[in-house]
Amino acid sequence: MRLSLALLALLNVALSSLLAWKCLSRAPVVVVPWARSEETLFPGQVPDGAAKEFALRYVLLFDNFTPSTIDGSTELLAPLIAPRFWSQASEALEKRRTIVREGRMSTQVAVERVPAEIERYPDGAIEVRFEAVRRTFIADRLSTESRARYVVAIEAAAPTALNPWGLLVIGQSIRESP
């Protein structure tokens, strides 16, 4: 009886130690809501695939609109924009909303392939670059069709209910060429 009690106590200490070691070890996070394939993530690191997917989704939400969808898309963009960029971005979004309504303007973006260029900066910012075909319609007629080069600068942030990606836009640019 004493031997089995001592054995159980020793087993309990061993299992407790193993459990404590496992809980305190730095384990990678594997589940990512926007990833199309399994990627291993570590706290504070944004994998290239996640940055590219976020930038692509942001541009598709930003630049695919009609007069009837501009309000909804603008509201969906708000939680994706970093607070330090918000004052500049909100002014531009309001101007765009007015132009879209008054001019009956729509745009459509077609991305031919997944964003390929990514650049990381020492301050943690990530810049994603890709090309797409951008069509602008005025009053239901095609006004322009051009190749556009999109650049989206993002940074990591804490995920929220409105922004589960945990990434924020800190800058963007669009360059069109006929």
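Reader: In this predicted model, what is the relative accessible area of Arg 57?

Author: Arg 57 lies in helix 2 together with Glu 53, four residues away, which is about one turn of the helix. The two side chains meet in a salt bridge with an N to O distance of 2.9 Å. Buried means under 20% and exposed over 50%, and Arg 57 counts as partly exposed because its relative accessible area falls in between, at 39%.

Reader: Is its partner Glu 53 buried or exposed?

Author: Glu 53 shares helix 2 with Arg 57, and the salt bridge between them is one of the 16 that the structure holds. The relative accessible area of Glu 53 is 8%, and because the limit for the lowest class is 20%, this residue counts as buried.

Reader: Which residue forms a salt bridge with Arg 97, and where do the two partners lie?

Author: The closest N and O atoms of the Arg 97 pair are 3.1 Å apart, and the partner is Asp 71. The pair links distant parts of the chain, 26 residues apart, with Arg 97 in helix 4 and Asp 71 in helix 3. Arg 97 is buried at a relative accessible area of 13%, whereas a value of 26% makes its partner partly exposed, and that partner in helix 3 is Asp 71.

Reader: Which elements do the buried residues of helix 4 pack against?

Author: Helix 4 covers residues 83-103, and its buried residues are Phe 85, Ala 89, Leu 93, Arg 96, Arg 97 and Val 100. These buried residues pack against both helices and strands, namely helix 2 (48-63), helix 3 (70-77), strand 1 (105-110) and strand 5 (167-177).

Reader: On which residue is the kink in helix 4 centred?

Author: From its first C-alpha to its last, the 21 residues of helix 4 reach 30 Å, close to the 30 Å expected at 1.5 Å a residue. The helix nevertheless has a kink of about 35°, and after its end comes Arg 104, whose phi is positive, near 50°. The kink is centred on a residue that is itself buried, Ala 89.

Reader: How many residues of helix 1 are buried?

Author: Helix 1 runs over residues 2-24, and its end C-alpha atoms are 33 Å apart, which agrees with the span that its 23 residues should have at 1.5 Å a residue. Leu 15, which lies in this helix, counts as exposed at 51% relative accessibility. Leu 15 also belongs to a nonpolar surface patch with Leu 5, Leu 8, Leu 11, Leu 18 and Trp 21, which together have about 680 Å² of accessible area. Helix 1 lies largely in the open because the number of its residues that are buried is zero.

Reader: Which residues does Ser 106 touch, leaving aside those up to four places away in sequence?

Author: Ser 106 is found in strand 1, and a relative accessible area of 12% makes it buried. Its contacts beyond the excluded sequence neighbours are with Phe 65, Thr 66, Pro 67, Arg 135, Thr 136 and Phe 137.

Reader: Which network of salt bridges includes Glu 117 and Arg 149?

Author: Arg 149 forms a salt bridge with Glu 117, in which the closest N and O atoms are 2.8 Å apart. This pair links distant parts of the chain, since Arg 149 is in strand 4 and Glu 117 in strand 2 (residues 117-120), 32 residues apart. Both partners count as partly exposed, Arg 149 at 21% relative accessibility and Glu 117 at 35%. Salt bridges that share partners join the pair into one network, made up of Glu 117, Glu 119, Glu 127, Arg 129, Glu 131, Arg 147 and Arg 149.

Reader: What distance separates the C-alpha atoms of Pro 164 and Pro 79?

Author: Pro 164 has its place in the loop between strand 4 (141-156) and strand 5, and at 42% relative accessibility it counts as partly exposed. Pro 164 and Pro 79 are 85 residues apart along the chain, and their C-alpha atoms are separated by 9.8 Å.

Reader: In what order do the elements of the protein chain run from the N terminus on?

Author: The protein chain has four helices and five strands, and 33% of its 178 residues count as buried. Among its contacts between residues at least 6 apart in sequence, 54% join residues at least 24 apart. From the N terminus on, the elements run α-α-α-α-β-β-β-β-β.

How values were computed: Residues are numbered from 1 along each chain as its sequence is written. This is a predicted model: local features need pLDDT of at least 70, side-chain atom pairs count only at pLDDT 80 or more; totals for chains, interfaces and linings use all residues. Side-chain values use heavy atoms; hydrogens and water are left out. Helices (H or I, at least four residues) and strands (E, at least two) are DSSP runs, numbered from the N terminus. The expected span of a helix is 1.5 Å times one less than its number of residues. The bend at a residue is the angle between axes fitted to the seven residues ending there and the seven starting there. Buried means under 20% relative accessible area, exposed over 50%, partly exposed in between (1.4 Å probe, protein chains only). Contact means heavy atoms within 4.5 Å. Patches are made of residues with over 30% relative accessible area and no salt bridge: like charges are joined within 9 Å, nonpolar side chains (Val, Leu, Ile, Met, Phe, Trp, Tyr) within 5 Å. Accessible areas come from the Shrake-Rupley method with a 1.4 Å probe; for residues, only the protein chains shown count as cover. A salt bridge is a side-chain nitrogen of Lys or Arg within 4 Å of a carboxyl oxygen of Asp or Glu.
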